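Grab a coffee and let's work through a few exercises on one protein chain. Each has a task, followed by a solution in steps.

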Amino acid sequence: MAQDHNPSFAPSWFSTFEDHGSLGREQRRHAFERLWRAFMRARAFIAAVLLALQVFELLNHSGGPNWLVLVSALHLTAALAVMFWWPVDNPEKAGGLQWPLTIGVDLLVFGLLQFFQQGGLNYTPLFALPVLLAAVLGSMTLALATAASVTLFLLGEAAASAALLSDVSASRFLQAGLTGTGFFLVALLANQLAVRLAREEVLAQSSQAAARAQAQVNELVIESLSEGVLVVDPHGVVRNANPAAKSMLMGEHYPHAAKLLLSARHGWEGLSHLVNESFALGQPMQSEVRIDIDEFTSHRFFARTRLTRTQGEGHAALCVLFLEDLREVEARVRTEKLASMGRMSAAVAHEIRNPLSAITQANALLDEEVVEPGQKRLTRMIEQNAQRLSRIVDDILNVARVQPHQDGAYAAALPLDPTVRQITHEWNRQNQIQGILGVHLHAPQAHVGFDPEHLRRLLINLLDNALRHASGKPSSIRVITQPGGTDRVRLSVWSDGAPLEASVLRHLFEPFFSSESRSSGLGLYICRELCERYGAQIAYQRSRLDQREGNEFFVLLPGATTGNQPAQQSLAYPMGDSVPGLTRPGLSQADPPSLSTL
């Protein structure tokens with residue numbers, strides 16, 4: 001009911017729902033629609049009964065005037081028309097003609113039947129229907145007005161009867177007054193009860209909505225946890241498990257609809273024993289367990305249990321099992337230790353600068369004194385290694401502190417293919433490997449904005465990482481350069497190693513994280529820091545090369561200009577052209593790999 005147009009018809013519980021925003025408006029609509037249909041069905045049923053009663057009295061010649069049958073028929077028609085062809089599902093639309101066609105018609109019909117009745121029939125109780133309709137679905141004003149109308153009619157009927165019969169009876173007026181008072185009480189109590197029920201319904205719906213929202217938040221938090229969470233019953237059946245737990249128990253490609261039973265798999269005895277022991281002792285337990293993912297892979301986990309509220313004496317309802325990968329725990333511990341060592345290394349590197357400066361100065365003075373070629377060669381070696389130590393010290397200090405972003409345009413234009421050829425040749429000779437490394441250079445005119453020493457360190461770190469995971473077969477490591485965009489050059493290092501685990505992928509470029517115990521975990525981190533310094537991008541993806549699956553780390557280097565030549569013209573092959581000697585199924589030359597593979 002629109003309060004602006006007809007405020008007297010607005011239900012008293014209108015504001016109860018309105019105060020609760022969109023939830024209140026929706027609940028108000030459903031509640032009003034439900035009650036409206038119930039009252040309309042009751043009106044139609046009563047109208048049908050009254051019509052049948054009038055027809056029966058007409059046939060027996062024991063009722064009132066014959067036209068009362070027509071009045072009852074019109075009443076039934078109006079009730080059915082309002083119920084089927086003029087439904088109201090919103091209290092804001094219930095004003096206007098709906099209320100006169102319901103309450104007004106009922107009062108008129110019941111009044112005519114009561115006034116022209118003959119025999120012992122009494123239609124007064126029927127007035128309770130419009131009074132209840134006004135009290136429940138209308139405002140307090142409308143309810144009291146309806147009760148007052150009924151009371152005035154009853155008193156008027158008593159007065160008319162007394163005038164026609166010339167018999168003034170106080171009991172008749174007293175009965176009409178008491179009946180009217182009852183209708184007033186019914187209107188008042190029904191209206192207050194409707195308001196209270198509406199308020200309770202709103203509170204219940206609000207609580208349910210809050211509970212559903214909290215349950216969704218809890219489910220989202222549990223699903224996003226890196227720690228595995230399983231809910232196990234006393235029979236060892238896993239009632240629920242988050243994706244991390246399923247991945248820990250069955251690997252990355254686990255069946256999503258599989259039902260888990262801890263005692264049904266050979267590699268889960270440790271978990272089953274821990275859960276059974278928790279139920280038997282009735283207290284939380286924790287232990288280190290080993291889980292066999294398959295016949296070749298097994299991992300160590302730290303498992304701890306928590307019991308839910310007990311049901312009965314000594315019987316726990318459910319056991320919540322938490323799993324934490326010990327590799328990540330050890331990685332965090334190692335990260336903390338190496339972070340402390342990194343801070344100490346930065347301090348040591350800072351202290352090295354003073355004696356290194358003294359060595360450099362003494363060597364310069366010595367170089368001025370010596371004249372023999374052999375001694376000159378020795379001083380140059382000292383100078384070169386001192387400069388290299390100085391660069392290493394700078395790199396250590398740069399890793400220890402945050403570096404501001406530098407655009408690659410500030411670096412000198414470096415020819416990519418000759419530099420990569422030289423670096424790979426030195427790396428191959430230093431590691432004394434033959435046939436393992438394949439170099440494919442397809443950007444002979446490309447220049448990049450990168451420091452030569454930093455590009456050397458970036459490529460060597462990627463090659464060392466590939467060597468640790470490659471199979472050692474011929475051409476198991478590939479270095480490829482090719483155009484990677486309008487103003488980019490793509491440098492990739494591919495190896496035929498096994499796929500990286502999900503736990504390793506999550507921390508791939510983080511400092512002090514490594515899948516090997518003897519590695520410091522700084523290689524890929526330094527690569528990322530160097531790339532960010534020059535505006536380059538580094539990423540990892542699983543790709544195919546010459547019909548072999550492998551791991552690929554690729555870098556999109558910013559192009560640089562040489563003289564007046566723009567960077568985008570320095571690329572050897574325009575986008576969309578095939579690169580000779582390179583077969584990469586599923587990887588288009590026109591679209592370089594997206595960083596979303598991370």
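**Exercise 1. Helix 3 and its two sides**

Task: Which exposed residues does the face of helix 3 turned away from its buried side carry?

Solution. Start with that outward face: it carries Leu70, Leu74, Phe84 and Trp85. Here, exposed means over 50% relative accessible area, buried under 20%, and partly exposed in between, using a 1.4 Å probe and protein chains only. Helices are DSSP runs of H or I with at least four residues, strands are E runs of at least two, and both are numbered from the N terminus.

Before going on, a word on the ground rules. This is a predicted model, where local features need pLDDT of at least 70 and side-chain atom pairs count only at pLDDT 80 or more, while totals for chains, interfaces and linings use all residues. Residues are numbered from 1 along each chain as its sequence is written, and side-chain values use heavy atoms, with hydrogens and water left out.

Next, take the other side: Leu68, Val69, Val71, Ser72, His75, Leu76, Ala79 and Val82 are buried in helix 3. Seen down the axis, the buried residues fall within an arc of 165° (taken from the directions from the helix axis to the C-beta atoms), so they line one face of helix 3.

Finally, check the length. Helix 3 covers residues 67-85, and its 19 residues reach 26 Å from first C-alpha to last, close to the expected 27 Å. The expected span is 1.5 Å times one less than the number of residues.

**Exercise 2. Helix 7, end to end**

Task: How far apart are the end C-alpha atoms of helix 7?

Solution. They are 81 Å apart, which agrees with the 81 Å that the 55 residues of helix 7 (residues 170-224) should span. Now look at what helix 7 buries: among its buried residues are Ala176, Gly180, Phe183, Asn191 and Val202. Val217 is also in helix 7, but at 44% relative accessibility it counts as partly exposed. Val217 joins Val221, Ile222 and Leu225 in a nonpolar surface patch with about 290 Å² of accessible area together. Such a patch takes residues with over 30% relative accessible area and no salt bridge; like charges are joined within 9 Å, and nonpolar side chains (Val, Leu, Ile, Met, Phe, Trp, Tyr) within 5 Å. Areas come from the Shrake-Rupley method with a 1.4 Å probe, and for residues only the protein chains shown count as cover.

**Exercise 3. Around Thr379**

Task: Is Thr379 buried or exposed?

Solution. Thr379 is buried, at 3% relative accessibility. Its place is in helix 11 (residues 373-400). Leaving aside neighbours within four places in sequence, Thr379 is in contact (heavy atoms within 4.5 Å) with Asn363, Leu366, Asp367 and Val370. Follow Asp367 further: its side chain meets that of Lys376 in a salt bridge, 3.6 Å from N to O. A salt bridge puts a side-chain nitrogen of Lys or Arg within 4 Å of a carboxyl oxygen of Asp or Glu. Asp367 is partly exposed at 27%, and so is Lys376 at 24%.

**Exercise 4. A link between strands**

Task: Which residue forms a salt bridge with Glu288?

Solution. Arg300 does, with the closest N and O atoms 2.7 Å apart. Glu288 lies in strand 3 (residues 286-292) and Arg300 in strand 4 (residues 298-307), so the pair ties together parts 12 residues apart in sequence. Over the whole structure, a search finds 13 salt bridges.
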